Amino acid sequence: MTTAEPTDRPAALDKADAADDASRSPLLEPRKKIEGAVLNVFSHGFLVLWTVLAAGPLVWALMNALKDSGDILSNPWALPGSIDWANWSNAWTRARIGRYAANSLLIVSISVPLTMLFGSMAAYVLARFDFKGARVVYFTFVGGMAFPVVMALVPLFFVMKNLSLLDTRHGLIMVYIAYSMPFTIFFMTTFFRTLPSSVSEAAEIDGASHTRIFFQVMLPMAKPGLISVGIFNFLGHWNQYVLPFALNQGDEDDYVLTQGIGLLFAQAGYRSDYGRLFAGLVMAALPILIVYIIFQRQVQSGLTAGAVK
Amino acid sequence: MTDEGRAATKVAVPGEAAGKPVPEKPRKAGFRNSPRYRTYLKYRFITGFLIVPLGLYAVFVISPFVQTFYYSLTDWTGVSSDFNMVGFENYSRLLDDSTFWAAVRNNLILALAVPFVTLTLGLFFAFMVTVGGRHRKGEAISGVRGAKLYKIVYFFPQALSIAVIAALWGYIFKPDVGLLDPVLPASLSPNGGWLADSKFALWAVMIVMCWAMVGFFVVLFSAAIGQIPKEIYESALLDGASRAATFFRITLPLIRDTVQTGWVYMGIMALGAESFAVVNIITQGPGGPDDSTMVLGVYLWNTGFGQLQAGRGAAMGVALFILTMILAVAALSVGRRRDRVEY
């Protein structure tokens with residue numbers, strides 16, 4: 001490959017250039033060039049502008065997290081003069097970002113693996129077995145993707161209350177799993193259908209049970225799909241706001257991170273310790289951004305799966 | 001079914017039904033291979049694997065959904081266990097409720113304007129980072145310089161929780177610490193900031209939602225554009241098509257299905273969870289001054305839970321559901337064409 005490249009490349013280039021020259025009439029060329037240049041400047045300018053708009057607020061929050069509250073109030077645009085780390089320890093302990101993050105982590109570390117387990121179990125059955133009602137079950141699950149969670153919030157609250165699951169961790173975990181089923185099953189069903197059946201057939205002839213084939217043959221083969229949806233679900237559960245807002249409003253000690261952020265923002269009105277608030281915000285945002293940058297390929301494939309054929 | 005299998009059934013099943021003590025080893029071997037036993041195993045497996053996911057889904061997703069319709073016809077408070085069927089009274093009262101109509105209006109504005117802006121920007125950026133650049137590396141199609149970096153940075157907001165985004169923008173809009181107040185002219189900078197002014201509050205909500213969602217569509221549309229065969233672009237290039245012509249004649253028609261899906265998805269978010277979170281966190285009340293940012297999700301929660309009128313809240317839930325369905329059907333049927341291009 002590497003030896004072939006030097007000879008291949010120029011040939012391809014020449015061909016493209018030649019094709020280009022042939023397609024352009026000499027008369028049209030100047031006008032086209034100017035039009036192209038204007039478009040170029042405009043579009044590149046726009047791309048750069050959006051980069052600034054997308055990253056700017058985050059950089060600004062980081063900057064303010066390093067300033068003391070007086071400096072923030074006197075000029076929100078100014079760079080930090082001296083770096084003040086006190087905000088960070090304040091946010092961690094007094095605004096209890098540490099505690100909320102630990103609550104979120106505990107819930108997500110159970111809800112995501114269980115979502116993946118139950119989701120792929122159902123998806124495998126729906127993808128690989130013919131049985132009466134399979135289509136109905138599949139569409140019942142997948143139809144949930146178009147379901148606005150907010151609409152059923154009040155009845156959901158009372159379902160949880162009647163089952164004594166309100167304001168409990170395991171209750172929240174079960175609800176997270178239930179609301180992640182539509183996308184997880186949709187994605188994993190498609191994935192299991194694309195896997196070759198020869199390996200599982202061989203295992204079946206060797207006398208392996210269905211359960212064993214699933215756990216020891218199919219699940220390992222589905223690993224790339226599991227990682228994509230797993231990360232997708234991790235982000236979804238970690239960032240979930242509506243469900244804990246409605247179903248986990250008991251003890252402030254049990255709040256998850258997103259609730260903690262809401263609380264922090266609500267407090268901004270009464271206390272003017274803005275440095276701490278910005279530090280709390282950055283602490284909530286930074287780990288997730290790092291996770292995203294590391295896994296961005298899987299995240300993007302997980303998000304776009306299904307929507308693109 | 002093979003003859004062997006049929007024979008095995010005949011041997012195994014009568015023995016089983018009569019419960020006679022037959023010699024164990026041959027019976028077991030035959031029974032295990034019988035098609036009937038295998039069907040039993042198959043269904044046992046299917047049931048075992050479906051029961052937990054289906055159970056959780058039925059209890060926490062389907063049952064609240066169905067209950068919403070039921071409770072919308074009652075005067076249930078949510079507290080006491082007795083309530084009466086009141087027919088469509090909850091609905092007829094909603095028709096005279098000005099806050100409800102403000103919420104519907106705001107929801108409609110959000111569900112039309114936010115997808116329009118985010119999808120337009122998302123399409124433009126996706127086109128630029130996938131096919132916007134030309135004649136680089138000897139390839140006919142490539143993104144502009146720095147395309148990879150753009151894609152990563154644009155996606156940043158999508159990785160963050162909507163709670164973090166709402167709080168961050170809440171600070172930006174605040175008059176004392178915010179970024180906007182010092183730079184905006186006085187006419188665009190009301191006392192107390194945008195969020196405290198009924199003219200600007202909904203704009204603030206729209207800006208936050210657009211900012212949060214554009215990155216997702218850049219990634220989604222980039223993936224869709226990446227599926228279009230390069231030969232199509234190459235031949236357009238040979239014909240001397242401009243960038244705009246390439247976009248409108250090739251890219252857009254070929255990814256219209258993805259655009260429609262994106263529109264429905266964005267519409268659902270703007271009607272439901274996304275607007276609920278943003279309005280709940282950053283606007284006063286919540287719902288803004290003079291209901292200027294009230295949305296159905298927030299109002300139904302305040303009514304059904306805060307004011308102990310669960311029946312009325314449920315009626316709003318049904319209204320929200322109907323609105324969502326209308327939007328989805330409209331988005332999916334607009335401009336549906338029969339001449340589908342397969343590639």
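For this tour, Ala, Val, Leu, Ile, Met, Phe, Trp, Tyr, Cys and Pro count as nonpolar, Asp, Glu, Lys and Arg as charged, and the others, Gly among them, as polar. Keep in mind that this is a predicted model.

**Stop 1: a cavity in chain B**

The structure holds five cavities of 30 Å³ or more, and we begin with the second largest, which encloses about 50 Å³ of space. To find the second largest cavity, select Ile172(B), Phe173(B), Lys174(B), Pro175(B), Leu180(B), Asp181(B), Leu184(B), Ser189(B), Gly193(B) and Trp194(B), the residues that line it. Now color them by class: the lining has six nonpolar, two polar and two charged residues. Which helices each supply at least two residues of this lining? Highlight residues 162-173 and 180-183 of chain B and you have them, helix H7 and helix H8.

**Stop 2: from chain B across to chain A**

Keep H7(B) on screen and add helix H13 of chain A, residues 257-267. The axes of H13(A) and H7(B) come within 9 Å and cross at roughly 15°. Because angles under 35 degrees count as roughly parallel, H13(A) is roughly parallel to H7(B). The crossing of the two helices is left-handed.

For the details, show side chains. On the H13(A) side, pick Thr258(A), Ile261(A), Leu264(A) and Phe265(A). They meet Ala163(B), Val164(B), Ala167(B), Gly170(B) and Tyr171(B) of H7(B). Seven residues of this contact are nonpolar and two are polar, with no charged ones.

**Stop 3: helix H5 and helix H11 in chain A**

Next, select residues 97-128 of chain A, helix H5, together with residues 223-238, helix H11. Their axes lie 9 Å apart, at an angle of about 140°. That angle makes H5(A) oblique to H11(A), and their crossing is right-handed.

Where do they touch? Along H5(A), look at Ala101(A), Ser104(A), Leu105(A), Val108(A), Ser111(A), Val112(A), Thr115(A), Met116(A) and Ser120(A). Facing them from H11(A) are Leu226(A), Val229(A), Gly230(A), Asn233(A), Phe234(A), His237(A) and Trp238(A). This contact has nine nonpolar and seven polar residues, and no charged ones.

**Stop 4: H5 again, with helix H10**

Leave H5(A) selected and bring in residues 210-221 of chain A, helix H10. How are H5(A) and H10(A) set, at an angle of about 95° and with axes 12 Å apart? The range from 65 to 115 counts as roughly perpendicular, so H5(A) and H10(A) are roughly perpendicular to each other.

Here H5(A) contributes Leu117(A), Ser120(A), Met121(A), Tyr124(A) and Arg128(A). H10(A) answers with Ile213(A), Phe214(A), Phe215(A), Met218(A) and Leu219(A). By class, that gives eight nonpolar, one polar and one charged residue. Before you leave, click on Ser120(A): it belongs to the contact with H11(A) and also to the contact with H10(A).

Key. Residues are numbered from 1 along each chain as its sequence is written. Chains are lettered from A and ligands numbered from 1 in the order in which they are written. This is a predicted model: local features need pLDDT of at least 70, side-chain atom pairs count only at pLDDT 80 or more; totals for chains, interfaces and linings use all residues. Side-chain values use heavy atoms; hydrogens and water are left out. Axes are lines fitted to C-alpha atoms, for helices over the stretch in contact, and angles run from 0 to 180 degrees between N-to-C directions. Helices (H or I, at least four residues) and strands (E, at least two) are DSSP runs, numbered from the N terminus. Angles under 35 degrees count as roughly parallel, over 145 as roughly antiparallel, 65 to 115 as roughly perpendicular and the rest as oblique. A crossing is left-handed if the near helix is turned anticlockwise from the far one by less than a right angle, and right-handed if clockwise. Contact means heavy atoms within 4.5 Å. On a 1 Å grid over the protein atoms alone, a cavity is a set of points where a 1.4 Å probe fits but cannot get out, and a pocket is an open set with protein on both sides within 12 Å along at least five of seven lines; lining residues have an atom within 4 Å of a point. Grid points are joined across faces, edges and corners, and a volume is the space filled by probe spheres set on the points.
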